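Work through these exercises with the structure open. Try each task before you read its solution.

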Amino acid sequence: MIMSKKDYFEMMEGNRRLTLRAIEAFPEDKFFEYTPDEKLRPFSEMIKEIVNIESGYMHGVALDKWEYKDVFEGANKKEEFLQISQEVRDQTRKLFEEMNEERLNVVMQDPFFGPEMSHFARLQYALENEIHHRGQGFTYLRLLGIEPPEFYVR
């Protein structure tokens, strides 16, 4: 079975809803400070990466404006992270709707991470990155004695 553009976007949306619920599950201080090991980052830093990649890729794929920037600059409260994440997703919805499947099939060198890939593969990478880091966040929550959100509720 081949997944349609709409089906893929619905999968992205479901995953984002789950990621936002994971953010909400963190106590304010633990969201910004907790790591189970000094080599690891707090969940807030992972969220920055997820949303910054989304923003950079969507503007690049849709508008051919390739810029990787920190959309969270100055944000230091969990509520601000939730709001910014929602604002970026609102932009993504608009840009994704305007994109055609031909645009998603364009292959080019990745301006942020190097290898040549299609725009669709780029968006797939962004989704896989989100799932990976959300899994880390779930582990952090469990180590803090907090039950993570049910992963099957999207």
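**Exercise 1.** At roughly what angle do the axes of helix 3 and helix 6 cross? Work out how the two helices run relative to each other in this predicted model.

*Solution.*
Step 1. Start with the general idea: two packed helices are described by the angle between their axes and the distance between the axes.
Step 2. Take the distance and the angle. The axes of helix 3 and helix 6 come within 10 Å, and they cross at roughly 170 degrees.
Step 3. Compare with the cut-off: angles over 145 degrees count as roughly antiparallel. Helix 3 is therefore roughly antiparallel to helix 6.
Step 4. Find the residues. Helix 3 makes the contact with residues including Phe43, Ile50 and Met58. Helix 6 contributes, among them, Leu123, Ala126 and Glu130.
Step 5. Sort the contact by class. It has eleven nonpolar, five polar and four charged residues.

**Exercise 2.** Find the enclosed space and describe its lining.

*Solution.*
Step 1. Recall the method: rolling a probe the size of a water molecule over the atoms shows where empty space is left.
Step 2. Search the whole structure. One cavity of 30 Å³ or more turns up.
Step 3. Give the volume. The largest cavity holds about 100 Å³ of space.
Step 4. List the lining: Met12, Arg16, Ile50, Glu54, Met58, Arg89, Leu123, Ala126, Leu127 and Glu130.
Step 5. Assign elements. Helix 1 (5-25), helix 3 (43-63) and helix 6 (119-143) each give two or more residues to this lining. Helix 6 gives the most, with four residues.
Step 6. Sort by class. The lining has six nonpolar and four charged residues, but no polar ones.

Technical notes: Residues are numbered from 1 along each chain as its sequence is written. This is a predicted model: local features need pLDDT of at least 70, side-chain atom pairs count only at pLDDT 80 or more; totals for chains, interfaces and linings use all residues. Side-chain values use heavy atoms; hydrogens and water are left out. On a 1 Å grid over the protein atoms alone, a cavity is a set of points where a 1.4 Å probe fits but cannot get out, and a pocket is an open set with protein on both sides within 12 Å along at least five of seven lines; lining residues have an atom within 4 Å of a point. Grid points are joined across faces, edges and corners, and a volume is the space filled by probe spheres set on the points. Ala, Val, Leu, Ile, Met, Phe, Trp, Tyr, Cys and Pro count as nonpolar, Asp, Glu, Lys and Arg as charged, and the others, Gly among them, as polar. Axes are lines fitted to C-alpha atoms, for helices over the stretch in contact, and angles run from 0 to 180 degrees between N-to-C directions. Angles under 35 degrees count as roughly parallel, over 145 as roughly antiparallel, 65 to 115 as roughly perpendicular and the rest as oblique. Contact means heavy atoms within 4.5 Å.
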